[in-house]
Amino acid sequence: MSQRQGVDLSYEDGARAAELAREAVESFVRNGQREHPGSMREAFYERTGAFVRLESTRGRGSLRGCAGGYRSDDQLGHVIVDAAIEAASGDSCGSEVTPSELDNLTVSVCTVKNVLLTDDPLADIELGSHGVAVDGGGKSGWLYPTVPVQNNWSEREYLDRACRKARLPPTAWQDDDIVVTLFEGQVFREREADGSVEQV
């Protein structure tokens with residue numbers, strides 16, 4: 001069952017989405033405050049899901065935080081701010097982002113366009129187009145649409161990795177009591193910490 005939702009962002013919208021996520025992270029990390037989106041671009045009033053990833057540029061680089069959801073009844077601008085704050089908090093990857101890390105973090109945002117609840121994820125998934133969310137047993141995990149292409153994963157490995165991220169057995173996506181949701185999204189990320197933004 002496919003559900004059309006979300007909005008197609010222009011490059012300018014996407015670049016602003018990444019900037020908004022960075023502003024929210026920095027406001028939270030430096031001052032413990034929630035950044036308000038302020039005067040939002042028109043697209044940010046759409047009610048749709050979004051994800052934010054924070055990656056360290058130190059050494060070999062690593063995931064520093066991630067948060068968000070593929071569905072939301074809130075406006076996109078607020079979803080981005082909330083996801084960015086959650087990604088920077090200790091609830092995401094175990095420890096809160098500190099002020100000294102901010103100059104070595106890149107921020108990316110994935111805004112959700114379409115959601116597909118699938119009974120046959122291996123057949124339905126399109127690498128490079130679909131993000132994956134796995135839910136079951138009180139656990140959940142998700143991966144960006146760009147991740148399998150960047151890592152040269154097969155469809156099966158992509159699903160296995162999403163399950164691992166949810167702290168489920170790798171093949172849990174094959175179980176009847178596990179819900180697998182595919183989502184299309186647009187990804188905008190900083191090329192370098194607090195730098196120019198690219199669509200990937």
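Start by selecting strand 5 (residues 130-136) and strand 7 in this predicted model. The two strands pair in the antiparallel sense over 6 bridges. To see one matched position, show Val 132, which stands opposite Leu 182 in strand 7.

Keep strand 7 (residues 179-190) selected and add strand 4: these two are also antiparallel, and 10 bridges pair them. Label Val 115 and find Phe 183 of strand 7 opposite it. Then label Val 112, whose opposite residue in strand 7 is Gly 185.

Now follow strand 7 to strand 8 (residues 197-199). They run antiparallel and are joined by 3 bridges. Glu 190 stands opposite Val 197 in strand 8. Select the 6 residues between the strands of this hairpin; in the hairpin, Asp 194 has a positive phi near 55 degrees.

Go back to strand 4 (105-118). Is this strand enclosed or open? Of its 14 residues, 13 are buried, so strand 4 is largely enclosed by the rest of the structure. Add strand 2 (50-56) to the selection. Strand 2 and strand 4 run antiparallel, joined by 7 bridges. Here Arg 53 has Ser 108 in strand 4 as its bridge partner.

Next comes the interior. The largest nonpolar core has 34 residues, and Val 52, Leu 54 and Ile 80 touch the most other members. Colour helix 1 (11-31), strand 2, helix 2 (76-88) and strand 4, as each of these elements gives two or more residues to this core. Zoom in on Leu 54. Which residues does Leu 54 contact, leaving aside neighbours within four places in sequence? Among them are Val 25, Leu 63, Ala 87, Val 97, Thr 106 and Val 107.

A second core, separate from the one above, has 29 residues. Select Phe 51, Cys 66, Leu 116 and Cys 163 to see some of its members.

The last stop is Pro 37, in the loop between helix 1 and strand 2. Is Pro 37 buried or exposed? Its relative accessible area is 8%, and the cut-off for buried is under 20%, so Pro 37 counts as buried. Show what surrounds Pro 37: not counting residues up to four places away in sequence, this proline touches Arg 16, Leu 20, Gly 77, His 78 and Val 81. To finish, draw a line from the C-alpha of Pro 37 to that of Thr 106; the two residues are 69 apart in sequence and 20 Å apart in space.

Terms used:
Residues numbered from 1 in each chain as written. Predicted model: local features only at pLDDT ≥ 70, side-chain atom pairs only at ≥ 80, totals over all residues. Heavy atoms only, no water. Core = buried A, V, L, I, M, F, W, Y, C linked by side-chain atoms within 4.5 Å. Buried < 20%, exposed > 50% of the residue type's maximum accessible area, 1.4 Å probe, protein only. Helix = DSSP H or I, 4+ residues; strand = E, 2+ residues; numbered from the N terminus. Contact = heavy atoms within 4.5 Å. Pairing = 2+ DSSP bridges.
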